[in-house]
Every structure is written in C-alpha cells, then in structure tokens.
Amino acid sequence: MKTNLIKPLAGALLFGLLAACNNAVPQALAVEPGADTACVLDGMLLKEFAGPKAQVHYAEGKPDFYCDLMELFSALLAPEQKRRPAASFVQDMAKADWEHPVGNWIDAKSAFYVAGSKKRGSMGPTLGAFSSKAAADQFAEKEGGKVLRFDEVTLNMVTLTGGATHDTTMSH
C-alpha cells in the first residue's frame, strides 16, 4: 500500500519541480568590460576613467555599461525609462582600486552608496558603491559624504553636468 502512495506523490513532486523550472528566470551574471567597452550614454571607454562602473542587464540583448554611477542612476531613475532591468551591477570600491577598477561586481540593489565624497569619477563628483555598510561608513569617514541605500538615491542627486569635458582636473 505504501508503494502505491509513493509513486503518485513522487510524480506530483517531479511535475511541480519541472513546472517551477519552466517559470524560472535565468540569473544574469556580471560581465567584465573589455578594453574597448564604451558607455551606452556617451561612448566614453570605461577603462580610461577612474571610479566605479556599472552594468545593466535586460531580458534581451547585451548589457548596457556605464562609466560612472551618476550615469547609471540617471538612466534607471529617468521618468522616461520603461525597460525593466533583469539585473544591475556596480563595483565594490572597498575591494576595487578607485583609479583603475576591475572586477568586484556586486548587485546594485543590495549595495551601500556614498554620495557627496571628495572622490571623482568620469562625470566629476560621483557615488561610491560598497557591499557592506561598514565599508561605506569607513569610506565616508575618510572621503566625506553620506551613506545611502539604493532606494534612497534620487534623480536630483545624480547630476551629469560635471562630466569629463567640464572637469579641468582630468588629464584627457
């Protein structure tokens, strides 16, 4: 009698697992930009500028790359933005070199951000991204600024008026 009950239960369990697999959304993974990877907004080469970079993955196509977190947030928060990202990634600046960041990609929504620090990116003043609040607090104490969560960054905080062409401190 037990074997007659087990087979239908095993079949139902297998059917449920298969149905769940069919509804699963593929998990997007961060991609390391190459030497020729350009920012989707302005065509600037990511590798030529200091500060954290970002990437946004959509359900279709290749990821969009941003050479500055100001650009990332201006794109994500723009009222005309209608495409829903499948995933977005930023670099953990507690682990990456600010002047030449490579790797150390973390989920943008789970990151802690520091706004208003002395550090600059390709767009002038920028946000720093960190995987832990402790690292963000330490950065803010050293470089100035305020620690924020993803949802606390607003469109009026992410001005793009200080870009590389207006920055007299850049060597390019």
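**Group meeting: the fold and cores of a predicted model**

Let me begin with the contacts in the protein chain: among those with a separation of 6 or more, 64% join residues that are 24 or more positions apart. I should say at once that this is a predicted model.

The protein chain contains three helices and nine strands. Read from the N terminus, the order of its elements is α-β-β-α-β-β-β-β-β-β-α-β. Of the 172 residues in the protein chain, 42% are buried. The chain exposes about 10,300 Å², and 59% of that area is supplied by carbon and sulfur atoms.

I turn now to one of the sheets. Three strands form an open sheet in the order E8-E5-E9, and their pairing is antiparallel. Its edges are strand E8, residues 128-130, and strand E9, residues 146-149, each of which pairs on one side only. From one strand to the next, the twist averages 30°.

Which helix packs on this sheet? Helix H3, residues 133-143, does so, and it touches E5, E8 and E9. The direction of H3 makes about 10° with that of E5.

Within the sheet, strand E5, residues 112-115, pairs with E8 through three bridges, in the antiparallel sense. In this pairing, Val114 stands opposite Gly128 of E8.

Next, the nonpolar interior. In soluble globular proteins, nonpolar side chains tend to be buried together. In this model, the largest nonpolar core has 28 residues. Tyr66, Leu69, Leu72, Phe73, Val90, Tyr113 and Leu127 are the residues with the most contacts inside it. At least two residues of this core come from each of strand E1 (54-57), strand E2 (64-66), helix H2 (69-77) and E5. Which of these elements gives the most to the core? That is H2, with six residues.

Phe73 deserves a closer look. Leaving aside residues up to four places away in sequence, Phe73 touches Ala78, Tyr113, Leu127, Phe150, Val153, Leu155 and Val158. Two of these partners, Tyr113 and Leu127, are themselves listed with Phe73 among the residues with the most contacts inside the core.

Apart from the largest core lies another, of 12 residues, including Ala50, Trp98, Val114 and Val147. Val114, then, belongs to this other core and also stands opposite Gly128 in the sheet.

To close, I would return to two elements. Strand E5 pairs with E8 and supplies at least two residues of the largest core. Helix H3 packs on the sheet, whereas helix H2 gives the most to the largest core.

How values were computed: Residues numbered from 1 in each chain as written. Predicted model: local features only at pLDDT ≥ 70, side-chain atom pairs only at ≥ 80, totals over all residues. Heavy atoms only, no water. Pairing = 2+ DSSP bridges. Helix = DSSP H or I, 4+ residues; strand = E, 2+ residues; numbered from the N terminus. Axes fitted to C-alpha atoms, helices over the stretch in contact; angles between N-to-C directions. Contact = heavy atoms within 4.5 Å. Core = buried A, V, L, I, M, F, W, Y, C linked by side-chain atoms within 4.5 Å. Buried < 20%, exposed > 50% of the residue type's maximum accessible area, 1.4 Å probe, protein only. Areas by Shrake-Rupley, 256 points an atom, 1.4 Å probe, with all protein chains shown as cover.
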